[in-house]
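Hello,

Here is the structure for you to look over. My notes follow below it.

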Amino acid sequence: MNKYKLNNLLMIILILISLSSLNILFYNLYNAYFRSENILNSENENKDEYRLVDLEESTSNFIRDLYKVNALKSFYNEFTQNDNFIFYESIIQPINILDFKGNEIFLYNYEENNYENESQNSIVKQLLINDEYGNKMNIPKSILEGNYFSKEDFYINNYNEIPVILGYEYIDIYNIGDIINIMFQNDVYGTYKVIGFLKKNSYATVNKELIFLDRYIISPSLVILNKPKSLEELTFQGFLYLQKINGIVKLLNEYSLQDFILYLERLIIKYDIFEITLLNYSAFEINSLKLLIYENLNVLISLLILLSIFILVSISAYIIIIIKSSLYKYRVYLLCGYSIRDIKISILLRLLLITLIPTIILIVYTYTFIEKFLFQLIIFDLLFLLVTYILILILINIYLKNSDIEKILIKGDNND
């Protein structure tokens, strides 16, 4: 009797573990292939635009690591060369101007009455943009005097005479061609060269917020070609590129979010940098999509099929063991007047109970903890149970054929 109960318990544990493993694999595949992109797109007002956010936790250490900063620059250079999407950069980054000619209305946080102004330098409002963002906001058409940036203006080898465009209220303070002495972060010095002024009430949207540019300096979001030559320059470049990577991606043509995340994750792995995610989207959904990064969705599906086959074979082998171990009891049933059909029904009911218990446990767990995906997982579990039970029925009929049943029962192993 103890052996009988032990066999039942082991069978239940085997099915529970097997079905749990299949559930986990199916659940992740289902989210990666069917749900993730639909959910992300449904939550996004602009279904083809996504804001990137870096997950680097130790910024101060990162920007002081030459290897990591150079890797980030290389990552950025390759990332922005993909023709399947447009990458927009718009960064509000105050700048220190030495011997500033303007008054306090140009200072960063002036409107909040929380600004700093010293005799030697002033922290003024500045917007960094890349060429794609400038064209998106029609800034070239907002030029009142002078010129917009050329393609080459976004790439520099040093920090001298970086071209800038000034907002309308600067028009009586500076002239086109003026050189402005500046200090970037971490005591890195350079100069700006005024190449144009914006029309009055020119504006841009940054992080969905409307910003009027009359008191702003518009600077290129620089791609710095030279390698840092000092710790100060290293930290400046690291900080700048950390800001640059937090831009907006606009997918083009038939380029899907799955394709984009595949591309992004490949580069992250290639250059060994920090994780990058999409703002305001579920980390679980993003991680589900990342199942695709190794191009192994078909492999995972094959794994699901192979695992299912392996589990069914294991269950089949264990069913044979259970039947063999119970032959003595079935011989007793036969001698007591039970028919072969009654014995088969007894075996089926026993195995049905054994398979139902773990299935019910998993369904209850699914309902409690994974309610959003309840329907799909229940269908999957019930289908697996059905296939298992059909297999059990086939095995019983093969093993206990009517023509041989009495011989099997009479000559069974009496050691059970």
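Along strand β12 (residues 203-206) the side chains alternate: Ala204 and Val206 face one way and are buried (under 20% relative accessible area, 1.4 Å probe, protein chains only), while Tyr203 and Thr205 point to the other face and are not buried. Strands here are DSSP runs of E of at least two residues, and helices are runs of H or I of at least four, numbered from the N terminus.

This is a predicted model, in which local features need pLDDT of at least 70 and side-chain atom pairs pLDDT 80 or more, while totals for chains, interfaces and linings use all residues. Numbering runs from 1 along each chain as its sequence is written, and side-chain values use heavy atoms, without hydrogens and water.

β12 pairs with β13 (residues 209-212) in the antiparallel sense over four bridges; pairing requires at least two DSSP bridges. Phe212 in β13 is the bridge partner of Tyr203. Two residues separate the strands of this hairpin, where Asn207 has a positive phi near 55°.

The largest nonpolar core (buried Ala, Val, Leu, Ile, Met, Phe, Trp, Tyr and Cys joined through side-chain atoms within 4.5 Å) has 58 residues, and Phe75, Phe79 and Phe260 have the most contacts inside it. Helix α6 (residues 257-271) gives the most to this core, with eight residues. Leaving aside neighbours within four places in sequence, Phe75 is in contact (heavy atoms within 4.5 Å) with residues including Ile245, Leu264, Ile268 and Ile276. Another core, of 24 residues, lies apart from it and has Ile15, Tyr318, Leu348 and Leu395 among its members.

Regards

Key: Buried < 20%, exposed > 50% of the residue type's maximum accessible area, 1.4 Å probe, protein only.
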